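Reader: I'd like to learn how to read a model like this one, feature by feature. Can we go through it together?
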Amino acid sequence: MSITRRVFLGAGVAATAIAVDQFRRSGLGFAQSNRVLNLYSARHYDTDNALYESFTQKTGIKVNLVEAEADKLIERIKSEGVNSPADVLITVDAGRLWRAQEAGILQPVTSKVLQTTVPKSLQEVGGHWFGLSRRARVIVYNKERVKPSDLSTYEDLANPKWKGRLLVRSSSSVYNQSLTGAMLAALKAQKTEAWAKGLVANFARPPEGNDTAQIKAVATGVGDVTLVNTYYVARLSKSKKAEDQDVASKIGVFFPNQGKGDRGTHVNISGGGVVKTAPNRDAAVQFLEHLASPAAQSIFAGGNYEYPILDKVAIDPIVSSFGTFKADALNAAVYGRNNAEALQLMDRAGWK
Ligand code: FE
């Protein structure tokens with residue numbers, strides 16, 4: 001089979017069209033059909049292609065993939081209007097799913113499979129979007145300088161004991177916006193702003209680089225603790241590069257807010273919804289249902305070292321080596337909705 005992939009290089013401009021033929025058509029069980037599904041995805045993991053192939057093999061529906069950042073895809077769908085070919089939009093965080101819903105480009109879906117398979121906290125109550133994999137935002141610490149017993153909660157990272165020791169990426173990261181949105185739900189506005197100010201006061205340096213850069217800086221002692229998504233740690237551990245292995249050997253993973261009665265570690269989602277104007281609506285629903293199936297879950301989540309949404313699906317040994325944890329049960333829609341307020345608050349706190 002072939003997956004047609006278009007990559008947007010500019011502001012919503014389809015600059016390149018590449019036929020991706022890295023998968024061999026097996027012939028076996030491959031249903032011939034002219035049906036297509038147009039997928040707009042902000043995920044950028046090569047392993048996802050195996051998943052789209054499995055969907056085509058199961059249904060005979062060809063997947064046309066358009067990849068770009070979520071905000072560009074949302075803008076694209078808006079500007080395409082009723083003529084948009086987009087059937088499904090996939091993003092890597094609840095904040096952007098919320099933005100897409102707010103922009104009015106997603107439609108409510110009633111699907112028994114999705115409604116019963118996807119945990120309630122990971123789906124929008126109106127069926128506008130569904131979480132399809134989970135990523136925990138954890139504390140990563142330098143094992144030489146920090147003991148796990150020094151660590152406890154997100155709140156504690158604002159404690160002056162971490163002055164000059166905390167590394168966090170920019171507030172423009174939607175992962176940090178979602179975390180702050182979840183803090184808003186737990187602590188309310190005043191305390192969350194005080195928390196953000198406390199974090200900023202503890203920064204070892206002004207925010208720079210992505211999650212991987214924070215982990216590397218913790219390993220080399222630029223700072224002692226940071227906040228990152230778990231799969232970035234797993235990627236370094238799995239890397240064949242000696243320097244990445246070295247980084248992984250120097251750091252530890254800590255799940256915050258695990259105390260008795262505490263809410264648990266913040267979890268963000270990668271997920272998707274059916275586009276309001278989807279020309280292939282049935283295929284779109286079928287596709288989301290496929291992604292929520294056990295077989296697809298191990299590819300979808302496992303390929304990027306995320307946590308599947310289904311408990312019975314095995315997780316990567318590196319990811320399980322981080323340990324088990326209690327996840328914050330807050331509905332992803334809540335911190336999605338809190339996104340704008342979170343961003344304003346981070347700005348006021350001086351979180352660059
Ligand atoms: Fe990421």
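Reader: Leaving aside its neighbours within four places in sequence, which residues is Ser298 in contact with?

Author: Bear in mind that we're looking at a predicted model. Once the neighbours within four places are set aside, Ser298 is in contact with Gly303 and Val313. Ser298 is found in helix α10, and its side chain reaches the backbone oxygen of Ala295 at 3.0 Å.

Reader: Is Ser298 buried, partly exposed or exposed?

Author: Buried means under 20% relative accessible area and exposed means over 50%, with partly exposed in between. Ser298 has a relative accessible area of 37%, so it is partly exposed.

Reader: Which residues of helix α10 are buried, then?

Author: Start with the general idea. An α-helix has 3.6 residues a turn, so residues three or four places apart point the same way. Now the case here: α10 covers residues 294–302, and its buried residues are Ala296, Gln297, Phe300 and Ala301. Looking down the axis of α10, you find these buried residues within an arc of 110°, so they line one face of the helix.

Reader: What do the buried residues of α10 pack against?

Author: They pack against α1, β6, β10, α9 (281–291) and β11.

Reader: Let's take β6 from that list. How many of its residues are buried?

Author: Strand β6 runs over residues 130–142, and 13 of its 13 residues are buried.

Reader: And which strands does β6 pair with?

Author: Take the partners one by one. With strand β10 (residues 267–274), β6 pairs in the antiparallel sense over six bridges, and Phe130 stands opposite Gly272 there. With strand β8 (residues 225–229), the pairing is antiparallel over five bridges; look for Val140 opposite Thr226. Strand β9 (residues 251–254) pairs with β6 in the antiparallel sense over four bridges, with Tyr141 opposite Gly252. Strand β11 (residues 307–308) is antiparallel to β6 over two bridges, and Ser133 stands opposite Pro308 in that pair.

Reader: What comes after β11? Where is Ile309 found, and which residues does it touch?

Author: Ile309 is found in the loop between β11 and α11 (317–320). Not counting residues up to four places away in sequence, Ile309 touches Val118, Pro119, Leu122, Gly131, Leu132, Ser133, Arg134, Ala292 and Gln297. Two names there link back to what we've seen: Ser133 is the residue opposite Pro308, and Gln297 is one of the buried residues of α10. Ile309 has 5% relative accessibility, so it counts as buried.

Reader: On to backbone angles. Which residues that aren't glycine have a positive phi?

Author: Here are two to look at. Lys188 has a positive phi of about 70°, and Tyr305 has one near 55°. Check the setting of each. Lys188 sits in helix α5 (residues 174–202), while Tyr305 is found in the loop between α10 and β11. Their accessibility is worth a look too: Lys188 is at 55% and so counts as exposed, whereas Tyr305 is at 17% and so counts as buried.

Reader: Which residues coordinate the iron ion?

Author: For a metal site, read off the donor atoms, then the distances, then the spacing in sequence. The iron ion is coordinated by the OH atoms of Tyr175, Tyr231 and Tyr232, at 2.0 to 2.1 Å. In sequence, these donor residues are spaced Y-x55-Y-Y.

Reader: Why do Tyr231 and Tyr232 count as buried?

Author: Apply the under-20% cut-off again. Tyr231 has 0% relative accessibility, so it counts as buried, and Tyr232 also counts as buried because its value is 10%.

Reader: What about helix α1, which you listed as a packing partner of α10? Which polar contact does Thr59 make there?

Author: Thr59 lies in α1 (residues 48–59). A polar atom of the Thr59 side chain lies 3.1 Å from the backbone nitrogen of Ile61. With a relative accessible area of 15%, Thr59 is buried because that is under 20%.

Reader: Last one: what pLDDT does the chain average?

Author: The chain averages a pLDDT of 90, and 91% of the residues score at least 70. Over residues 8–32, though, the pLDDT is below 50; this stretch has 52 contacts in the model beyond near neighbours in sequence.

Notes
Residues numbered from 1 in each chain as written. Predicted model: local features only at pLDDT ≥ 70, side-chain atom pairs only at ≥ 80, totals over all residues. Heavy atoms only, no water. Donors = N, O, S within 2.8 Å, 3.2 Å for Na, K, Ca; no water. Buried < 20%, exposed > 50% of the residue type's maximum accessible area, 1.4 Å probe, protein only. pLDDT = per-residue confidence, 0-100. Contact = heavy atoms within 4.5 Å. Polar contact = N/O pair within 3.5 Å; in protein donor to acceptor, adjacent residues only side chain to side chain. Pairing = 2+ DSSP bridges. Arc of directions from axis to C-beta.
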